[in-house]
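Biologist: Thanks for sitting down with me over this one. Could you walk me through how the labels on it are earned?

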Amino acid sequence: MALSRGLRCCQRVFSWIPVLIITSVALWSYYAYVFELCLFTLTNTFEKVAYLLVFHVCFVMFSWTYWRSIFTPAASPCKKFQLSYSDKQRYEMEERPDAQKQILVEIAKKLPIFTRAQSGAIRFCDRCQVLKPDRCHHCSVCETCVLKMDHHCPWVNNCVGFSNYKFFLLFLSYSMLYCVFIAATVFQYFLKFWVGDLPNGPAKFHVLFLMFVALMFFVSLMFLFGYHCWLVAKNRSTLEAFSAPVFVSGPDRNGFNVGIRRNLQQVFGENRRLWFIPVFTSQGNGHYFPLKNRSSESHNPLLANEDMWEESDDGSEEGSLVEDQDPSVTIEMEE
């Protein structure tokens with residue numbers, strides 16, 4: 001037990017190393033650009049002020065989005081998807097697997113669940129003891145089920161999912177903008193140092209290295225950002241791109257694709273003035289999503305009126321208004 005706790009503690013410490021690397025590079029780039037380039041190398045006052053002003057706007061947005069990506073907790077299923085105390089007692093006391101599955105089927109009747117496991121069973125996480133909402137997956141690193149999980153990103157030491165996917169996309173976009181601005185403004189001085197028009201000194205190393213690092217990160221971010229733009233346009237997560245979500249009718253990679261405009265609004269919200277600001281504006285609560293085939297949605301009164309499914313003050317479950325699911329559906333025990 002002590003050894004296991006020690007290993008987990010070490011794992012948590014080491015998991016921050018990628019974040020420290022990015023933070024160190026960002027802080028160095030700030031010093032190199034502001035001090036070595038703008039203050040010690042530039043001689044034109046107007047150019048110096050303009051560079052510093054735009055640079056700080058890019059740096060603040062980059063830092064803000066990175067902070068939100070790291071420290072926004074991954075959203076987990078609400079307690080309506082968890083086994084209640086009585087259901088858990090009944091489930092654990094039942095020794096017959098078929099009877100246990102039937103208990104979970106009865107619970108699932110009250111919930112807006114449309115996706116299935118590959119076997120066609122309703123997805124159940126044995127570790128978290130929850131019925132998985134659509135697009136929810138268990139993260140072995142975070143040790144919890146994450147709503148609309150996209151992937152676990154070591155560079156932010158966090159799961160990218162429903163609660164912070166917008167912040168992650170903005171972080172990629174502002175990182176690219178940060179790199180492009182540095183490369184564009186440093187380029188002429190990079191050439192001057194390279195051919196010897198400017199004297200050798202500490203600034204030379206910083207300016208040359210700034211150019212190489214900015215271009216290297218920009219190329220890497222360009223492919224990653226382009227891939228996620230494609231995912232947003234198709235309304236898919238990284239996990240769904242590799243393994244298509246399964247519905248009652250079978251696998252369908254475009255099951256959640258409701259058109260580019262609505263796909264964008266699901267991530268960024270309807271207020272376009274807030275699209276590029278790292279504040280949460282994503283639609284819904286992460287537990288269910290509009291379907292391309294709205295025939296399934298129309299049979300579910302929860303999706304017709306979201307307020308009916310929200311938890312009431314007295315803890316009652318309005319979710320019981322949902323139509324009963326097919327009793328032949330089975331439950332898959334997943335970790």
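Modeller: Gladly. A cavity here is a set of grid points where a 1.4 Å probe fits but cannot get out. Please keep in mind that this is a predicted model.

Biologist: How many cavities of 30 Å³ or more does that rule give?

Modeller: The count comes to 2 cavities of 30 Å³ or more. The largest cavity has a volume of about 70 Å³, and the second largest cavity holds about 40 Å³ of space.

Biologist: What makes a residue part of the lining of the largest cavity, and which residues line that cavity?

Modeller: A lining residue has an atom within 4 Å of a cavity point. For the largest cavity, the lining consists of Lys148, Asp150, Gly161, Phe162, Tyr165, Leu231, Val232, Asn235, Arg236, Ser237, Asn263 and Val267. Two elements, α7 (202-234) and α9 (260-268), give two or more residues to that lining. By class, the lining of the largest cavity has 5 nonpolar, 4 polar and 3 charged residues.

Biologist: And what lines the second largest cavity?

Modeller: Its lining is made up of Lys148, Gly161, Phe162, Tyr165, Lys166, Gln266, Val267 and Ser282. Here the elements giving two or more residues are α6 (165-195) and α9. The classes come to 3 nonpolar, 3 polar and 2 charged.

Biologist: Which residues of α9 are buried, and what do they pack against?

Modeller: Asn263, Gln265, Gln266, Val267 and Phe268 are the buried residues in α9. The buried residues of α9 pack against α6 and α7. After α9 comes Gly269, with a positive phi near 90°.

Biologist: Let's turn to the residues other than glycine. What makes the phi of Arg135 worth pointing out?

Modeller: Most residues other than glycine have a negative phi. Arg135 has a positive phi, near 75°. Arg135 sits in the loop between β2 (130-131) and β3 (137-139).

Biologist: Why is Arg135 called buried?

Modeller: The relative accessible area of Arg135 is 2%, and buried means under 20%. Arg135 therefore counts as buried.

Biologist: Where does Asn157 lie, and why is Asn157 called buried?

Modeller: Asn157 belongs to the loop between β5 (151-153) and β6 (158-160). The relative accessible area of Asn157 is 17%, and the cut-off for buried is under 20%, so Asn157 is buried. Asn157 also has a positive phi, near 50°.

Biologist: Now Thr65, please. Where is Thr65 placed, and why does Thr65 count as buried?

Modeller: Thr65 is in helix α3 (residues 45-71). Its relative accessibility is 0%; set against the limit of under 20%, Thr65 is therefore buried.

Biologist: Which residues is Thr65 in contact with, leaving aside its neighbours within four places in sequence?

Modeller: Contact calls for heavy atoms within 4.5 Å. Thr65 is in contact with Phe167, Leu170, Phe171, Tyr174 and Pro278. Thr65 and Leu169 are 104 residues apart along the chain, and their C-alpha atoms are separated by 8.7 Å.

Biologist: What makes the pairing of Thr65 with the backbone oxygen of Phe62 a polar contact?

Modeller: A polar atom of the Thr65 side chain lies 3.0 Å from the backbone oxygen of Phe62. The limit for a polar contact is within 3.5 Å, so the distance of 3.0 Å fits that limit.

Biologist: Where does UniProt place the feature "transmembrane region"?

Modeller: The unreviewed UniProt entry puts that feature at residues 12-33, 49-67, 167-191 and 203-227. In the model, residues 49-67 are 100% helix and 0% strand, with end C-alpha atoms 27 Å apart. Residues 167-191 are also 100% helix and 0% strand, and there the end C-alpha atoms are 36 Å apart.

Biologist: To finish, how many helices and strands are in the chain, and what percentage of its residues count as buried?

Modeller: The chain has 11 helices and 9 strands. Of its 335 residues, 46% count as buried. Among contacts between residues at least 6 apart in sequence, 64% join residues at least 24 apart.

Terms used
Residues are numbered from 1 along each chain as its sequence is written. This is a predicted model: local features need pLDDT of at least 70, side-chain atom pairs count only at pLDDT 80 or more; totals for chains, interfaces and linings use all residues. Side-chain values use heavy atoms; hydrogens and water are left out. UniProt positions are given in the numbering used here, feature names are shortened, and annotations may be inferred rather than shown by experiment. Helices (H or I, at least four residues) and strands (E, at least two) are DSSP runs, numbered from the N terminus. Buried means under 20% relative accessible area, exposed over 50%, partly exposed in between (1.4 Å probe, protein chains only). A polar contact is a pair of N or O atoms within 3.5 Å; within protein, one must be able to donate a hydrogen and the other to accept it, and residues adjacent in sequence count only if both atoms are side-chain atoms. On a 1 Å grid over the protein atoms alone, a cavity is a set of points where a 1.4 Å probe fits but cannot get out, and a pocket is an open set with protein on both sides within 12 Å along at least five of seven lines; lining residues have an atom within 4 Å of a point. Grid points are joined across faces, edges and corners, and a volume is the space filled by probe spheres set on the points. Ala, Val, Leu, Ile, Met, Phe, Trp, Tyr, Cys and Pro count as nonpolar, Asp, Glu, Lys and Arg as charged, and the others, Gly among them, as polar.
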